Amino acid sequence: MFNLLAEQWRRENTTKRRQTKAQAMLEILQKQIRGVDLNPDACRIAAFSLYLALFEKLKPMDVEEFKQKVSQGPFLPALLWSADDPIDSPVIIQGDFLKESLPVGNDFDLVIGNPPWESRGKAQIALHFAIQSAKYLRLGGVGCLLLPSTILVNRYGTLNGDWFRKVTVEKIVQLADFRRVLFEATHPCFILRFVNSVPSLERAVAYETPKLNRFDRRQGVIVIEPGDQKHVSQRDALEAALQHRLQSLWSRKFWGTPRDEAFLRRLDFFPRLSDSMKQQNWHDGVGFHCAEDQHVKPRTMKREDLLAGSWPRREKDPLSSLNVPTS
Ligand SMILES: C[S@@+](CC[C@H](N)C(=O)[O-])C[C@H]1O[C@@H](n2cnc3c(N)ncnc32)[C@H](O)[C@@H]1O
């Protein structure tokens with residue numbers, strides 16, 4: 001972020017300069033960016049990276065000037081703020097992002113983050129980061145977060161109708177298909193970009209669902225094919241939220257073509273299997289279960305066992321109770 005702002009300053013100040021480069025860089029560093037992390041080591045690394053980025057931007061001449069005129073007191077400005085060691089111009093703040101009491105403003109143009117993805121029961125901590133980051137933005141400010149896909153598609157603890165009513169979601173890039181490629185993590189993730197403003201019903205969320213192909217890794221790019229560039233209107237998102245099917249909307253659009261979606265919409269008119277299961281008092285389970293013997297604990301068979309033909313042994317032929325003609 002510092003590099004981007006420094007580059008923007010350079011482009012805008014090619015001829016006439018309101019301030020020297022050293023002054024400008026220091027101002028960007030101390031006034032325009034803030035970072036928060038709970039972990040003191042992560043904070044120290046961030047501060048160190050900022051010092052390196054600062055000096056990468058300065059020529060030896062600027063460094064001299066920086067030393068003499070710009071920085072008062074110690075040569076390097078203090079960046080790290082903690083509750084035990086508060087400083088006047090906090091840049092990197094060691095603290096809890098989810099608590100309100102941090103010494104940062106709440107009128108940022110941009111909040112970017114790669115929050116932790118820990119699930120606590122049904123709740124994902126990343127969901128709280130998404131909600132909290134909107135609170136740090138000025139009206140019209142932009143939030144951009146890398147989040148676990150579970151908070152989009154799980155049944156509970158997800159970005160719900162309240163979220164889609166409060167902020168304007170501009171884009172969702174669903175990276176679930178890259179789960180084994182990105183970060184070596186098995187967690188699917190997505191990028192969320194939103195604006196802190198109440199959305200109009202006419203808006204649409206750009207929903208991009210790139211799929212892994214054999215070129216991606218070699219070329220280091222993620223190609224988003226035209227068929228994977230979808231749109232979800234704000235109206236459809238809110239309607240789906242009211243009908244408790246917002247999560248399935250994202251899942252269906254992830255793999256489905258418009259024809260698949262139309263087919264699924266027709267199926268929606270029929271009763272659900274889960275409703276019948278409740279009525280019939282059926283139990284769900286994974287794999288193959290020996291069902292009719294009440295005394296045998298059902299066991300889930302692995303696919304390899306099934307293929308190898310090692311079926312569970314039974315005293316009784318399971319088909320004997322059926323009236324099947326034998327000749
Ligand atoms: C996935 S890492 C991202 C690290 C770094 N920001 C980056 O993008 O490389 C998540 C970070 O969130 C920090 N973290 C966890 N809970 C936090 C909280 N409540 N407030 C602030 N930071 C937190 C962790 O210490 C960790 O450094």
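At roughly what angle do the axes of helix α1 and helix α2 cross? In this predicted model, the two axes come within 10 Å and cross at roughly 135 degrees. Helix α1 covers residues 2–12, and helix α2 covers residues 21–32. Angles over 145 degrees would count as roughly antiparallel and those from 65 to 115 as roughly perpendicular, so α1 and α2 end up oblique to each other. As for handedness, the crossing of α1 past α2 is right-handed.

On the α1 side, the contact is made by Phe2, Leu5, Ala6 and Trp9. Helix α2 brings Ala24, Met25, Ile28, Leu29 and Gln32 to it. Sorted by type, the residues of this contact come out as 8 nonpolar and 1 polar, with no charged ones.

Then there is the ligand. Its surroundings include Val36, Asp37, Leu38, Asn39 and Ala42, along with Asp96, Phe97 and Leu98, and also Asn114, Pro115 and Pro116. The shell these residues belong to splits into 7 nonpolar, 2 polar and 2 charged. Both domain 1 (1–94) and domain 2 (105–270) give residues to the shell, so the ligand lies between them.

Notes. Residues are numbered from 1 along each chain as its sequence is written. This is a predicted model: local features need pLDDT of at least 70, side-chain atom pairs count only at pLDDT 80 or more; totals for chains, interfaces and linings use all residues. Axes are lines fitted to C-alpha atoms, for helices over the stretch in contact, and angles run from 0 to 180 degrees between N-to-C directions. Helices (H or I, at least four residues) and strands (E, at least two) are DSSP runs, numbered from the N terminus. Angles under 35 degrees count as roughly parallel, over 145 as roughly antiparallel, 65 to 115 as roughly perpendicular and the rest as oblique. A crossing is left-handed if the near helix is turned anticlockwise from the far one by less than a right angle, and right-handed if clockwise. Two residues are in contact if their C-beta atoms, placed from the backbone, lie within 7 Å. Ala, Val, Leu, Ile, Met, Phe, Trp, Tyr, Cys and Pro count as nonpolar, Asp, Glu, Lys and Arg as charged, and the others, Gly among them, as polar. A residue is near a molecule or strand if its C-beta atom, placed from the backbone, lies within 6 Å of it. Domain bounds come from an automatic or database domain assignment.
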